[in-house]
Amino acid sequence: METIQFVALLLCGFTICSGLLLGATQAYQRESRCYVWTLITAIVLVQFSHAWLFTQAHLPSDTLYIAALFCIAPSFYLFAKAQLALDSVFHPLRSVAHFLPVLLAWLLPHSVSMPLAFLIGGLYLLWLFRLISKMRARRELWQREVSILLIALFMGLAVFVLGISIPLLDQQLFHSLYAIGIGAVFVLVHLALLWNPNLPEAVSEVAQQAYTTSTLTQVDSDSKLLALQQLMETEKAYQEPDLKLANLAERLDLSGHQLSELINTQCGMHFSRYIRQYRVEAAQQLLLSKPSLSVLDVGMQVGFSSQSTFYDAFRDITGTTPAKYRKINL
């Protein structure tokens with residue numbers, strides 16, 4: 001038990017620090033929604049309560065702890081919908097309605113309200129399951145992105161089972177396992193973003209393609225594809241570090257969804273990988289044609305914004321590092 005609590009306490013500290021740093025970055029985002037702040041605050045409050053419990057042998061406030069539990073699922077639901085671009089219009093009143101169950105933390109006995117918070121969270125989990133089930137239809141193109149969501153789903157299921165098992169578990173063991181579960185999710189998110197910094201954009205494209213009907217019915221796909229290839233190969237648009245789906249689509253007189261679908265259906269990959277592939281191919285040529293140019297300069301010239309993103313993309317597409325590629329082929 002002591003070992004479990006020690007691991008739980010370490011992960012509490014990691015989550016709290018990560019949450020505070022994330023909150024600091026959100027302070028500079030003008031379009032940050034209230035549900036983002038609610039999600040961060042609720043998770044930090046829950047993990048702070050766990051850390052307090054492990055060191056002081058009691059929760060600082062049972063009611064606030066349960067209220068935070070009620071907030072996590074709906075705020076994550078609203079965040080996920082916005083992140084995946086599944087709802088282009090923000091509805092404040094409808095969003096507030098998701099948080100009405102928080103009042104139950106003050107109206108019901110804690111022995112009832114806590115399992116109820118996890119039960120409601122399970123209902124939001126069904127939405128995530130429905131989302132992933134639709135995205136699986138495109139798993140041949142999105143295997144890695146969908147795999148990340150599947151891991152999140154199974155971790156959510158584990159938390160749900162843990163929550164409804166509260167009456168059967170020792171309270172210390174329950175809080176330790178729950179703290180470890182939250183911390184493990186944060187670790188997973190950090191590792192996933194280190195592995196692929198463009199993962200949020202890629203997952204968003206998966207969701208949009210899974211949920212929308214074809215946007216190309218009134219578009220001459222062949223001519224737009226030729227225009228896109230000219231932008232990339234003649235004008236070398238990929239060299240722009242801040243190149244985004246929206247501004248590239250505007251040059252082609254398309255919407256972001258139309259360009260995304262065009263690349264998905266005609267090239268068999270999502271937008272971020274499409275751009276990375278052009279950049280890596282250009283980097284391969286520069287590495288060999290200009291051996292005096294440093295690896296970092298090569299990456300910057302082809303459009304990467306940092307050395308780490310260049311190395312990650314190059315390794316992902318070629319299976320080796322830029323330095324090794326140059327050494328082997330020169």
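## Salt bridges and aromatic contacts in a predicted model

Aspartate 316 forms a salt bridge with arginine 273, and the closest N and O atoms of the two are 2.7 Å apart. Because aspartate 316 belongs to helix H15 (residues 307-318) and arginine 273 to helix H13, this pair ties together parts that are 43 residues apart in sequence. The model is a predicted one. Aspartate 316 is partly exposed, with a relative accessible area of 30%, and arginine 273 also counts as partly exposed, at 22% relative accessibility. The pair belongs to a network of salt bridges that links Arg273, Arg276 and Asp316.

A search of the whole structure finds four salt bridges, and the table lists some of them with the distance between the closest N and O atoms.

| Acidic residue | Basic residue | Closest N and O atoms |
|---|---|---|
| Aspartate 316 | Arginine 273 | 2.7 Å |
| Glutamate 240 | Arginine 251 | 2.6 Å |
| Aspartate 312 | Arginine 315 | 3.7 Å |

Arginine 251 lies in helix H11 (residues 245-251), while glutamate 240 is in the loop between helix H10 (221-233) and H11, so their salt bridge ties together parts that are 11 residues apart in sequence. Aspartate 312 and arginine 315, in contrast, are three residues apart in helix H15 and are therefore separated by about one helical turn; aspartate 312 is partly exposed at 25% relative accessibility, as is arginine 315 at 39%.

The structure also holds 11 aromatic pairs. One of them joins phenylalanine 118 and phenylalanine 174 edge-to-face, at 5.9 Å centre to centre and with 80 degrees between the planes. Since phenylalanine 118 lies in helix H6 (residues 110-135) and phenylalanine 174 in helix H8 (residues 171-195), the pair ties together parts that are 56 residues apart in sequence. Phenylalanine 118 is buried, with a relative accessible area of 7%, and phenylalanine 174 is buried at 0%. Tyrosine 274 and tyrosine 278 form another edge-to-face pair, 5.2 Å centre to centre with 70 degrees between the planes; they are four residues apart in helix H13 (residues 271-289), about one helical turn, and both tyrosines are buried.

Phe304, Phe310, Tyr311, Phe314 and Tyr325 form one aromatic cluster, and arginine 279 lies over the face of phenylalanine 304, at 5.7 Å from the ring centre. Tyr325 is also one of the buried residues of helix H16 (residues 322-329), together with Pro322 and Arg326. Seen down the axis of H16, these buried residues fall within an arc of 95 degrees, so they line one face of the helix, whereas Lys324, Lys327 and Ile328 are exposed on the other side.

Methods: Residues are numbered from 1 along each chain as its sequence is written. This is a predicted model: local features need pLDDT of at least 70, side-chain atom pairs count only at pLDDT 80 or more; totals for chains, interfaces and linings use all residues. Side-chain values use heavy atoms; hydrogens and water are left out. Rings of Phe, Tyr and Trp (its six-membered ring) pair if their centres lie within 6.5 Å; planes under 30 degrees apart count as stacked, over 60 as edge-to-face and the rest as tilted. Helices (H or I, at least four residues) and strands (E, at least two) are DSSP runs, numbered from the N terminus. Buried means under 20% relative accessible area, exposed over 50%, partly exposed in between (1.4 Å probe, protein chains only). A charge sits over a ring if NZ of Lys or CZ of Arg is within 6 Å of the ring centre and within 35 degrees of the ring normal. The arc is that of the directions from the helix axis to the C-beta atoms. A salt bridge is a side-chain nitrogen of Lys or Arg within 4 Å of a carboxyl oxygen of Asp or Glu.
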